[in-house]
Amino acid sequence: AYVWVTGGRYQETENANLQQARISIASDTAGRIVQVGIADNQTVKAGDLLFVIDPEPYKIALAQADAAVAAARLNVEQLRAAYSQAMAQQKSAKSEVDYAESQYDRAADLAEKGINAKSSLDEARNDLDKAKQQLAVAEQGIISAKAALGGNPDIETDKHPSVMSALAARDKAAYNLSQTTVKAPSDGIVYQASSFKVGQYVSVGTPLFALVETDDTWIDANFKETQLTNMKPGQKAEIVVDTYPGRTFEATVKAIGAGTGAEFSLLPAQNATGNWVKVTQRIPVRLELTDPDAKMALRTGMSATVTVDTGVARGLPSIFGHATAGEHAQ
């Protein structure tokens, strides 16, 4: 009876496994592998070289993009020159209109006095109409040249849409070139890379091998639902890994799962039958290792025994409560 009364504070399960994040390494660019800097089960640090894809095609693409940027900038300068030329032509056409108007006014005055023939007046009117038409063409040329400059004759060269487009293409080419060198995103152990060799052709997004992160380690423990009564996030726990039976690691309850394992299985159990049997369910609990020595040779998938200190024992009040309830029932 004493053991039962004082028990219940520490909840233990052997249904637990150590977990580490696994990153699927893939390439953002396609090409042939020209250098491999890792081997299967090799430990790497963040930033270490994993492999290199042949950069030559991407260097050529970057050179072409640089040439396209230069051509776009040159084109903007030509458009700016065309706008200046259109302005000069408009100014010249305006002068021609002013001259043709003065000639027409003189011819009209002389014709009214009977000094010039009517044909001279008609010729002056025709010259004036031609000058006005040329002025209209020149003004339309200014509008077209201004539109080609994005509506702003004083626009910065690199702010022109065509140059911005070329610069974006150049940035993409530079990014693709940078992605030919693939480095480790974090500390970890390379896994399933035994067949990854120089000369292999890789496609974009195709998984090549895995990187198991050694800096991100946690425990998934599956407790019985009856053990979770007083379990809460933040409670202290002890972990014993089967690989190191004499070693205890400190941990903290990080979170309690949203449901039982059966509830989230591929084929959830259907209990709406006549032969249903009640089975105690298990709910996953995630624990975070807080022991600084936990970075020793721990591997994902290792079996472990987890003991959580809930801080609450069964105690005597619950016994007296049941006894009182029994007396009332009688």
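Contact, as the word is used here, means that heavy atoms lie within 4.5 Å. This is a predicted model, in which local features need a pLDDT of at least 70 and side-chain atom pairs count only at pLDDT 80 or more, while totals for chains, interfaces and linings use all residues. Residues are numbered from 1 along each chain as its sequence is written, and side-chain values use heavy atoms, with hydrogens and water left out.

With that meaning of contact in hand, Y104 touches L121, A124, R125 and L128, when residues up to four places away in sequence are not counted. Y104 is placed in helix α2, where helices (H or I, at least four residues) and strands (E, at least two) are DSSP runs numbered from the N terminus. The C-alpha atoms of Y104 and D127 are 8.2 Å apart in space, with these positions 23 residues apart in sequence terms. At a relative accessible area of 21%, Y104 is partly exposed, a class that lies between buried (under 20% relative accessible area) and exposed (over 50%), as computed with a 1.4 Å probe on protein chains only.

The protein as a whole comes to 5 helices and 12 strands, and buried residues make up 31% of its 330 residues. Among contacts between residues at least 6 apart in sequence, 80% join residues at least 24 apart. The pLDDT, which is the predictor's confidence in each residue on a scale from 0 to 100, averages 86 over the protein, and 88% of the residues score at least 70. Over residues 323–330, however, the pLDDT is below 50, and this stretch has 0 contacts in the model beyond near neighbours in sequence.

Helix α2 also takes part in a helix pair. Two packed helices are described by the angle between their axes and the distance between the axes. Helix α2 (residues 56–112) packs with helix α4 (residues 161–178) at an angle of about 165°, and their axes are 8 Å apart; the axes are lines fitted to C-alpha atoms, for helices over the stretch in contact, and angles run from 0 to 180 degrees between N-to-C directions. The two helices α2 and α4 are therefore roughly antiparallel to each other, given that angles under 35 degrees count as roughly parallel, over 145 as roughly antiparallel, 65 to 115 as roughly perpendicular and the rest as oblique. The residues that make the contact include Y58, K59 and L62 of α2 and A166, R170 and L177 of α4.

One of these residues, L177, has its place in helix α4 and touches P55, Y58, K59 and L62, not counting residues up to four places away in sequence. The C-alpha atoms of L177 and K59 are separated by 6.5 Å, although the two residues are 118 residues apart along the chain.

The loops offer further points to inspect. T29 lies in the loop between β1 (10–26) and β2 (31–36), and T29 counts as buried at 2% relative accessibility. Leaving aside residues up to four places away in sequence, T29 touches I53, Y58, N176, Q179, T180, V202 and V204. In the loop between β2 and β3 (43–44) sits N41, whose phi is near 70°, a positive value in a residue other than glycine. Q192, in the loop between β6 (188–191) and β7 (201–202), likewise is not a glycine and has a positive phi of about 60°; with a relative accessible area of 51%, Q192 is exposed.
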